[in-house]
2 protein chains.
Amino acid sequence: MLSAFCGALRPRLVLPLLLLAALPARAQYVIPADEAVKLARQSMPEYFEFLSLPSDAVNPEDIQRNAAWLEKAFQKRGFSTKQLANEGRPLVYAEYGKPVKGRKTILFYMHFDAQPVTPAEWKTDPWKPVLKARNADGSWAELDAGRLQEAIDPEWRVYARASADDKGPIMMFLAAMDGLRAAGKAPAVNIKLILDSQEEKGSPRLHIVMQENQALLASDGLIVYDGAMPSSNQPGVNFGNRGSIQLDLTVFGASSAPHSGTYGNVIPNPALRLATLLAGMKDADGRVTIPGFYEGVEISAQDREGMAAIAPPAGTLEKRFGVAKLDGLAAAANPVEAVQYPSLDILGLEAARVGPRAANAIPSQAMASLNIRTVPEIAPKAMFEKVRTYVEGHGFHLIEGEAPSAEERARYGLLARLGLVAYPSTSSAARVAMDSPLARWVLSGVKAPRQIEPEKVRMGGSTLPMSGAVDVLKMSYVVVPLVNADNNQHSFDENLRLGNYLEGIRTIGAMLTTRSF
Amino acid sequence: MLSAFCGALRPRLVLPLLLLAALPARAQYVIPADEAVKLARQSMPEYFEFLSLPSDAVNPEDIQRNAAWLEKAFQKRGFSTKQLANEGRPLVYAEYGKPVKGRKTILFYMHFDAQPVTPAEWKTDPWKPVLKARNADGSWAELDAGRLQEAIDPEWRVYARASADDKGPIMMFLAAMDGLRAAGKAPAVNIKLILDSQEEKGSPRLHIVMQENQALLASDGLIVYDGAMPSSNQPGVNFGNRGSIQLDLTVFGASSAPHSGTYGNVIPNPALRLATLLAGMKDADGRVTIPGFYEGVEISAQDREGMAAIAPPAGTLEKRFGVAKLDGLAAAANPVEAVQYPSLDILGLEAARVGPRAANAIPSQAMASLNIRTVPEIAPKAMFEKVRTYVEGHGFHLIEGEAPSAEERARYGLLARLGLVAYPSTSSAARVAMDSPLARWVLSGVKAPRQIEPEKVRMGGSTLPMSGAVDVLKMSYVVVPLVNADNNQHSFDENLRLGNYLEGIRTIGAMLTTRSF
């Protein structure tokens, strides 16, 4: 496959490097469309080679091979690189040239590990990239990759695991750097990169690696190139994510499970007490009644307008999820606005057994796991304290241990345990104000190539694996998706649309040359 | 062990039988204490033999062997007998002589099957009865069973599986019949017996066997000789039991389980809806709010007084079950009174997973199994209808099938399923008024031997395995326990106190000769 690319293009890469950082920062530079095509052509062999390296983080050797490959690719472009130790699955750190004083430093986050594959589901080998074009009947036919050296049809696609998620953006970044060099344009910001090796596994150690490399990573803002663009394939920017905490709430009843016949009406039922406590947490309009739950959340009229514009048409989610009516919109006009507020959900309930396995006994305890999606206005710990205050306010004595002691049982009529589940279940919300300098810098770069106003997501409802980083690096981040929405990531036949590859190069180039904020 | 009994006593049993039923009914006859000792001596070899037959209903052959033994034992005493087919585990039916017109017919229920045994837990072989006496230090020492022919110490005990539960009462019944014959006393009622073979397994087919033998079993009242006497070992009578229904309530949410981050505040949570529905079923005082739940329940001042007298001292149950405060006593003065009312308990809750297994998703459904303990004033079906009306009154559309159809999903904001679990989970309550003729007949007989006013339980909280029979035979029943409270039934080292054996013979004798009501 790779042999289809003739070696003729490679010599360019070994030309003596001129560090662009040394050049004075000028006005934002948008790589012209025809130049982007050229950069895509040049970078395709490298992209294919990169995609040929399996990178499911389940195999440390694969991660190590990819990390070595990345170090070389960045070094070739004037970056100093370093592997960040991570129990055999190193992350890659890269920094461009020497930092220029008076310029902001931006840390870019991407990841090179990939979702696992089930080869039988794929039309072609997931670790052997192929070029495909759509037939008139909508099916996809394989093309010789050599065709890329003649012309690049933006509707062609490269099929391979990680082609979109997230090696595509890494390659776009490298190609954009080539483009700036070719045009003699210097970046307007100091560039650092952190390339994650376990994103598809939930980045279980990212916060630790960040902790260990805090000084190295210190920057003025974090840009995440990951995720898919809006289905319109028009530019989009995500300015934040809610955080998340899981709380486990156990209500205790009798020390054994008394017979429900002999003791029904006599021994208290912890399942009912739990139900009552949970039911009281929301009013009839779906608003959480825990005091201060929505404290400080204010959404500007302008933001509301923006969200109304991108909200799914009425009925869309209802149909998709098979519900007659959406929930919790008491304070919000639409589902996009709804996730700007913290939410409280019961993830699970458990008390004894149900159905045919139910015993005629009053359960001795009942448990609920709750998930609160937090917003930046209220930190996870503070939110937990609000819930604790609420539960105690309803007369419950909260025990510390696993089970109440005999003394606690004798003393307190209402006994419960409330636990905050540890990281990664707990992560902070992060949100960059859409009129902040960082946000304006991002929006300017993202709009530049096509002069299309990006679709702005004020804050997404769910966390990102790297969102825990905010807790460590205390850094604001903005997510800029670059790949086509129908890329099949996390499924089989993952692919990247070449039009997105071209626009990605241009978007990154424009961002890097946008005057620092 | 059995050889310790000399054969000298056996010949008495083969004397030509004089059917007592042929004699005119006279005044209540109480077997004198010394005569009871003689009857006990005589019957001990048979009792030991009976206890030597394993009777865990898990083995049909054991049940068959016991049934055959019982037929012979009753035939010897002038009963006609019959095995009632029950899938290899026959019940035994026995009827004394010819029914005398103008006398009431009483059906006596006992069971000959036993709890399973774990021999390693027992001090002696559970299927080899031994006689024991208490040492000065409280431990128990084995005595030669031959000692029984010299004297009978009421504090001696016979150790064997089923010695108390429930072969003891069967043997007392046989000995009482011998006592009446020896004294030339005729029973004052027509006697039928049904001896159950699967009581310890919950009598899963008893209602079917009763259905199949309805005419045979037809009687004016049912007496159950099972269960333990009050811990005072004074006589006690139980006039009823609550019934029981299990309801399975499932609340439906989305057709899939949406991500709790992306959709928290957007998609309704069925676990919360279930909690709200359940919480609303009781008020802050623990009173069920379902309209008509307590309809028709009236407890006389006299009954209240009686219950106050036998209620456990304050703090007893609290300590036993490790709770600071009992529940549901809003309308009741004590735990005995509390179970005179219907009760509603959550037996179990289930929605997705909790704790470390919880997923960040809004559950697609949530389920509760409820147990209502019913009273005779409201039949199980009627109670179920009240719950159904309540749930529908809270806006839920109840579906008939397993899951809502797409149409139901689109149409109804609140969807649930409510099912009444079939028999044996459903059984009717039964209660005989304590001043009814049947009750007075029982109380007179139970009081007679020791002239001690029996402890009267108006209605027990739990069902009996045979209580489903009320639905089939439409017969009132009264439970008369005869064995010592500390008999260890359902555990290891089960035993019967010989004093209880003696009093049991006298009690049964007195009941059988009490002028029919």
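Visitor: Which residue in E6(A) stands opposite Leu131(A)?

Guide: In this predicted model, Val158(A) of E6(A) stands opposite Leu131(A).

Visitor: How do you know that strand E4 of chain A is paired with strand E6 of chain A?

Guide: Two strands pair if at least two bridges are found between them. Strand E4 (residues 130-134) and strand E6 (residues 157-159) of chain A are joined by three bridges and run antiparallel; therefore they count as paired.

Visitor: What makes E4(A) and E5(A) a pair as well, and in which sense do they run?

Guide: Four bridges link E4(A) to strand E5 (residues 140-143) of chain A, in the antiparallel sense. Ala133(A) has Ala141(A) of E5(A) as its bridge partner. The hairpin of E4(A) and E5(A) has five residues between the strands, and there Gly138(A) takes a positive phi near 95°.

Visitor: Why is H3(A) called oblique to H14(A)?

Guide: Helix H3 (residues 167-183) and helix H14 (residues 498-512) of chain A have axes that come within 8 Å and cross at roughly 60°. Angles under 35 degrees count as roughly parallel, and 65 to 115 as roughly perpendicular. The crossing angle falls in neither range, so H3(A) is oblique to H14(A). H3(A) passes H14(A) in a right-handed crossing.

Visitor: Which residues of H3(A) and H14(A) meet?

Guide: From H3(A) come Gly168(A), Pro169(A), Met172(A), Phe173(A), Ala175(A), Ala176(A), Gly179(A) and Leu180(A). Their counterparts in H14(A) are Tyr501(A), Gly504(A), Ile505(A), Ile508(A), Gly509(A) and Leu512(A). By class, this contact of H3(A) with H14(A) has 10 nonpolar, four polar and no charged residues.

Visitor: What makes H12(B) and H14(B) oblique to each other?

Guide: Helix H12 (residues 437-447) and helix H14 (residues 498-512) of chain B pack at an angle of about 140°, with their axes 7 Å apart. Roughly antiparallel requires an angle over 145 degrees. The angle does not reach that cut-off, and H12(B) and H14(B) are therefore oblique to each other. Their crossing is right-handed. Val442(B), Gly445(B) and Val446(B) of H12(B) make the contact with Thr507(B), Ala510(B) and Met511(B) of H14(B). These residues divide into four nonpolar, two polar and no charged.

Visitor: Why are E14(A) and E14(B) said to stand at the edges of the sheet?

Guide: The open sheet has 10 strands with mixed pairing, in the order E14(A)-E15(A)-E11(A)-E13(A)-E12(A)-E12(B)-E13(B)-E11(B)-E15(B)-E14(B). Strand E14 (397-398) of chain A and strand E14 (397-398) of chain B each have a single partner strand, so one side of each is left without a neighbour in the sheet.

Visitor: In which sense do E11(A) and E13(A) pair, and over how many bridges?

Guide: They pair in the antiparallel sense over 10 bridges, and Phe252(A) stands opposite Gln365(A) in E13(A). H6(A) packs on the sheet, touching E11, E12 and E13 of chain A together with E12 of chain B. The direction of H6(A) makes about 20° with that of E13(A). Helix H10 (residues 380-393) of chain A also packs on the sheet, touching E11, E13, E14 and E15 of chain A, and its direction makes about 25° with that of E11(A).

Visitor: How do you know that E12(A) pairs with E12 of chain B?

Guide: E12(A) and strand E12 (residues 343-351) of chain B share three bridges in the antiparallel sense. At least two bridges are required, so these strands meet the criterion. Glu350(A) stands opposite Glu350(B) in E12(B).

Visitor: How many residues does each chain give to the contact between A and B?

Guide: Chain A gives 72 residues and chain B gives 72 residues. E12(A) supplies the largest share of the side of chain A that touches chain B, eight residues. The residues of that side divide into 37 nonpolar, 24 polar and 11 charged.

Visitor: Why is the relation of chain A to chain B that of a two-fold axis?

Guide: A turn of 179° and a shift of 0.3 Å along the axis lay chain A on chain B with an RMSD of 0.2 Å. That turn and shift are why the relation is that of a two-fold axis. The same surface serves both copies, as 100% of the contact residues of chain A recur in chain B.

Visitor: What is the form of the peptide bond from Asp165(A) to Asp166(A)?

Guide: The bond is cis, with omega near 15°. Asp166(A) is found in the loop between E6 and H3 of chain A. In chain B, a cis peptide bond joins Asp165(B) and Asp166(B), with omega about 15°.

Terms used
Residues are numbered from 1 along each chain as its sequence is written. Chains are lettered from A and ligands numbered from 1 in the order in which they are written. This is a predicted model: local features need pLDDT of at least 70, side-chain atom pairs count only at pLDDT 80 or more; totals for chains, interfaces and linings use all residues. Axes are lines fitted to C-alpha atoms, for helices over the stretch in contact, and angles run from 0 to 180 degrees between N-to-C directions. A crossing is left-handed if the near helix is turned anticlockwise from the far one by less than a right angle, and right-handed if clockwise. Two residues are in contact if their C-beta atoms, placed from the backbone, lie within 7 Å. Ala, Val, Leu, Ile, Met, Phe, Trp, Tyr, Cys and Pro count as nonpolar, Asp, Glu, Lys and Arg as charged, and the others, Gly among them, as polar. Copies are superposed by least squares on the C-alpha atoms of residues with pLDDT of at least 70 in both.
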